[in-house]
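These are my notebook entries on one chain and its surroundings, written down in the order in which I looked things up.

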Amino acid sequence: MNFPADLKYTDKDEWARVDAPGSVAWIGITAHAVEQLSDLVFLDLPEVGKDIQQGEVFGEIESVKAVADLYAPVTGEVLERNDALIEDLSILKSDPYGKGWMLKIRMEKVSEQDGLLSPAAYQKSVNDRSAGH
Amino acid sequence: MATTVLKPLHLELKARMVEFAGFEMPVMYSDISTEHNAVRTAAGVFDLSHMGRVRFRCPKALALVQRLQTYDAENLELGRVRYAMLLTLEGTVLDDILIYREKDGFLFVINAGNREADLEVIRREAAALGAEVVDDSDRLAMVAVQGPKAADVIKLLGLEAVLALKYYTCMDVESRYGTLTVSRTGYTGEDGFEFIVPAEHARDLFVAAMEAGKDFGVRPCGLGCRDTLRLEAGMPLYGHEMDRNVNPFEAGLDYALRSKAKYIGSEAISRMAASPPVRKTVALFVDGPIIPRQGSEILAGDTVVGVVCSGTRSPTLGRNIATARIDAQVLAAGTPLKVRTRRHEGAATLTQLPFYSRKRSKPVGAERTP
């Protein structure tokens with residue numbers, strides 16, 4: 001599965017693309033998460049101006065099968081929300097790391113990104129979780 | 001966790017496996033809406049081997065079967081299949097089943113999650129009557145072919161004989177898959193067939209049905225779409241529309257009470273029948289983007305007046321549907337209702353089951369030569 005090299009990941013299947021100064025992050029969910037959820041029907045994201053906290057729930061995504069919480073990979077203020085994605089969840093399937101971004105965040109702590117997973121570490125996390133199947 | 005004999009095939013077909021009723025089962029092979037639509041427009045092949053199959057073949061079979069369930073088995077003609085229930089002494093639902101009248105006796109098809117509980121009661125009652133019971137659940141497997149193209153698939157399988165079956169009838173046929181008990185039944189709202197097949201032939205039958213149907217767009221189908229299909233069709237699921245805390249009247253399933261014999265729970269049922277139920281099970285359309293789920297609260301104003309039994313986004317209708325158990329007085333008053341799911345609320349509109357019914361261009365079983 002495709003986990004782009006320029007992104008950082010969480011073990012709860014979110015990604016973050018942090019700009020060079022470490023001031024802004026685009027966040028979303030991985031292709032693995034999209035595949036696991038299947039049949040997406042609803043995405044609930046916070047309004048612009050809200051603060052989100054690393055490791056805490058910032059929204060939810062619902063499929064026919066189940067509801068999943070979304071966990072913030074970084075802490076900061078919501079600068080932009082991808083309303084086009086809320087309108088058309090099929091974008092998550094076609095382009096989860098591009099047009100499928102969810103929020104643009106003004107990062108509070110530059111150092112937070114160091115605690116996120118590399119693509120290889122995330123891949124291992126996915127493999128470990130599916131090993132029991 | 002238990003598995004069915006078809007698990008290796010599911011894995012080869014890249015199914016996503018989940019735990020259901022103590023069994024490791026395929027929830028989907030592709031995605032729920034694709035499989036759902038395949039059954040509505042073509043056909044799907046399902047593994048139902050997790051369900052229990054119990055046979056009653058001894059001379060005391062009729063007496064035992066009458067004691068156990070709510071359909072009048074004495075007047076159940078050979079080759080008929082009927083919906084019935086096993087009840088508790090208190091008249092609540094222990095399980096819902098299909099009862100088959102076979103040449104040599106009766107067959108129950110029971111829910112996977114209730115196999116142990118049912119068999120405990122069945123064996124206890126059998127012992128009391130000196131009757132015999134055969135649990136065929138592991139010796140036999142079960143495969144369903146469901147959808148408007150199901151009959152075409154069956155023809156290509158070389159099982160034309162079973163096209164003579166009318167809806168809710170069954171027959172045994174000898175085939176390259178061993179002795180099959182085939183019924184024209186299903187849990188999808190479409191025409192279809194359910195095959196009880198010797199476990200060693202289940203794989204061949206499943207694969208052959210997919211092969212026969214490949215030009216029609218037949219797909220292997222998991223429990224995910226089985227649930228959306230059955231809910232659209234208004235068919236109840238044990239643990240949702242009914243359970244041991246619900247009686248058949250509250251569940252809206254009292255049409256299954258067809259026996260005048262003394263069965264377990266019949267005295268309680270007679271008492272209940274004398275007064276209207278305080279809760280009723282109804283069908284709802286629910287506004288908003290959120291899918292109502294089992295346990296979502298039904299509100300009249302700020303007061304909780306009921307609970308959702310089952311809910312989904314109907315793939316066929318493109319809107320949220322649910323069944324719910326609601327205070328009968330509130331229903332009678334016609335109070336506007338809302339459904340609260342997590343922190344979201346959506347207006348609910350009462351409707352009638354089923355949410356979906358197929359167009360019947362000709363009666364099922366019309367293939368039979370007059």
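Before counting anything between strands, I fixed the term: two strands pair if DSSP finds at least two bridges between them. I also noted at the outset that this is a predicted model.

Entry 1, strand β8. With that rule in hand I looked up strand β5 (residues 52-56) of chain B and found five bridges joining it to β8(B), the two running antiparallel. Within this pair, F56(B) has F106(B) as its bridge partner in β8(B). I then turned to strand β7 (residues 93-102) of chain B, which is likewise joined to β8(B) by five bridges and runs antiparallel to it; here L98(B) has V109(B) as its bridge partner. β7(B) and β8(B) form a hairpin, with two residues between them. Is β8(B) largely enclosed or not, and why? Five of the six residues of β8(B) (residues 105-110) are buried, so the strand is largely enclosed by the rest of the structure.

Entry 2, the barrel. I traced six strands of chain B that close into a barrel in the order β15-β18-β17-β16-β19-β20, with antiparallel pairing. From one strand to the next the twist averages 40°. I looked at one pairing in detail: strand β16 (residues 297-300) and strand β19 (residues 337-341) of chain B pair in the antiparallel sense over three bridges, and the bridge partner of L299(B) in β19(B) is K338(B).

Entry 3, helix α7. How many residues of helix α7 (residues 223-232) of chain B are buried? The count is 10 of its 10 residues, and the helix is mostly covered. Among these buried residues I noted the charged side chains R226(B), D227(B), R230(B) and E232(B). I next asked what covers the buried residues of α7(B); the covering elements of chain B include β2 (16-20), β3 (23-28), α2 (32-41) and β4 (44-47), and also β17 (303-313) and β18 (320-327), the last two being strands that I had already met in the barrel. Just after α7(B), G234(B) takes a positive phi of about 75°.

Entry 4, residue N75. I placed N75(B) in the loop between α3 (61-68) and β6 (81-87) of chain B. Is N75(B) buried or exposed? It is exposed, because 11 other C-beta atoms lie within 10 Å, and a residue counts as exposed with 12 or fewer. I also took the separation of the C-alpha atoms of N75(B) and P289(B), which are 214 residues apart along the chain, and it is 48 Å.

Entry 5, the whole chain. Chain B is divided into domain 1 (2-51 + 137-232), domain 2 (53-135) and domain 3 (278-351), and the centres of domain 2 and domain 3, taken over C-alpha atoms, are separated by 34 Å. Its secondary structure comes to nine helices and 20 strands. The radius of gyration of chain B is 21 Å, which agrees with the value near 21 Å that a compact globule of 370 residues would have; the C-alpha trace spans about 60 × 50 × 45 Å along its principal axes. Of the 370 residues, 50% count as buried. Of the contacts in chain B between residues at least 6 apart in sequence, 68% join residues at least 24 apart.

Entry 6, the neighbouring chain. The contact takes eight residues from chain A and 12 residues from chain B. On the side of chain A that touches chain B, the residues divide into three nonpolar, two polar and three charged.

Definitions and conventions
Residues are numbered from 1 along each chain as its sequence is written. Chains are lettered from A and ligands numbered from 1 in the order in which they are written. This is a predicted model: local features need pLDDT of at least 70, side-chain atom pairs count only at pLDDT 80 or more; totals for chains, interfaces and linings use all residues. The radius of gyration is taken over C-alpha atoms; the globule rule is 2.2 Å times the number of residues to the power 0.38. A residue is buried if 20 or more other C-beta atoms lie within 10 Å of its own, exposed if 12 or fewer, and partly exposed in between; C-beta atoms are placed from the backbone. Two residues are in contact if their C-beta atoms, placed from the backbone, lie within 7 Å. Axes are lines fitted to C-alpha atoms, for helices over the stretch in contact, and angles run from 0 to 180 degrees between N-to-C directions. Domain bounds come from an automatic or database domain assignment.
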